[in-house]
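Hi everyone, thanks for coming. I'd like to walk you through a structure that's probably new to most of you, so have a look at it first.

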Amino acid sequence: MANDDDFYEIVHVDSDGSYEEIFPHVPDPIAVKGSGHITVFGLSNRFDSEFPQQLTGRIAPEEFANTIGRINKILHKFVSLNFLWLVIGCLCCCCTAGCSIWPVLCLNKRSRQRLEKALDWENRNLYHKLGLHWKLSKQRLANSTMMQYVLLIEFIPKTPVYKPD
């Protein structure tokens, strides 16, 4: 009888002595970085619309362009408004003891939530069926302590249904 302290590895040993992993290898996520000229609190006003070569054969370039176009449309609307409020808040900062920056922080949070909602809709309706998952994530800039929001395209591993438990 097995003890509760025992553990089992999830590998399969073939007859020739080689190991085979039960779960398939998942490629590294693809990062789509911001390429706009305005960045407010790490959120750029547009993402790069160049089709990544790692997605060839997974999705059509037109689907990628449509998704990036929707996201860029949301970003153009909200980040431009955030930048305007940031400039107004900085001009009035001395008179309001720093309270004029609060609207910019709330609008930035609203922008991120709107983007995450759009990405969730895209994932549910298209990308989860294709084995992909899009999400908004923070990444550190190279050689800097600043953070930037990027779109991560993660690969969802396929479970091997043809192998017995």
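Before we get to the sheet, one bit of vocabulary: two strands pair if DSSP finds at least two bridges between them. Also keep in mind that what you're looking at is a predicted model.

With that in hand, here's the sheet. There's an open one of 3 strands, in the order E3-E7-E6, and the pairing is antiparallel. Strand E3 (30-32) and E6 sit at the edges with a single partner strand each, so each has one side left without a neighbour in the sheet. Going from one strand to the next, the twist averages 35°.

Let's zoom in on E3 and strand E7, residues 147-155. These two run antiparallel, and 3 bridges join them. If you want a spot to click on, try Ala31: its bridge partner in E7 is Leu152.

Okay, stepping back to the overall layout. The protein has 3 helices and 7 strands. Starting at the N terminus, the elements go β-β-β-β-β-α-α-α-β-β. Helix H1 lies across E3, E6 and E7, and runs at about 50° to E6.

Now for my favourite part, the aromatics. Which residues make up the aromatic cluster? They're Phe51, Phe64, Tyr127 and Trp134, and they form one cluster. In the structure as a whole there are 3 aromatic pairs. Take Phe51 and Phe64: the ring centres are 5.5 Å apart and the planes are at 85°, so this pair is edge-to-face. Phe51 is in the loop between strand E5 (43-44) and helix H1 (61-91), while Phe64 is in H1 itself, so the pair ties together parts that are 13 residues apart in sequence.

Are those two buried or exposed? Phe51 has 18% relative accessibility, so it counts as buried. Phe64 counts as buried too, at 1%.

Phe64 also pairs with Trp134, and this pair is tilted, at 5.7 Å centre to centre with 45° between the planes. Here the link is between distant parts of the chain: Phe64 is in helix H1 and Trp134 in strand E6 (residues 132-140), 70 residues apart. Trp134 is buried, just like Phe64.

A few whole-protein numbers to finish. Of the 165 residues, 28% are buried. If you take contacts between residues at least 6 apart in sequence, 55% of them join residues at least 24 apart. The accessible surface is about 11600 Å², and 57% of that belongs to carbon and sulfur atoms.

That's it from me, thanks!

Terms used:
Residues numbered from 1 in each chain as written. Predicted model: local features only at pLDDT ≥ 70, side-chain atom pairs only at ≥ 80, totals over all residues. Heavy atoms only, no water. Phe/Tyr/Trp six-rings, centres within 6.5 Å; stacked < 30°, edge-to-face > 60°. Helix = DSSP H or I, 4+ residues; strand = E, 2+ residues; numbered from the N terminus. Buried < 20%, exposed > 50% of the residue type's maximum accessible area, 1.4 Å probe, protein only. Axes fitted to C-alpha atoms, helices over the stretch in contact; angles between N-to-C directions. Contact = heavy atoms within 4.5 Å. Areas by Shrake-Rupley, 256 points an atom, 1.4 Å probe, with all protein chains shown as cover.
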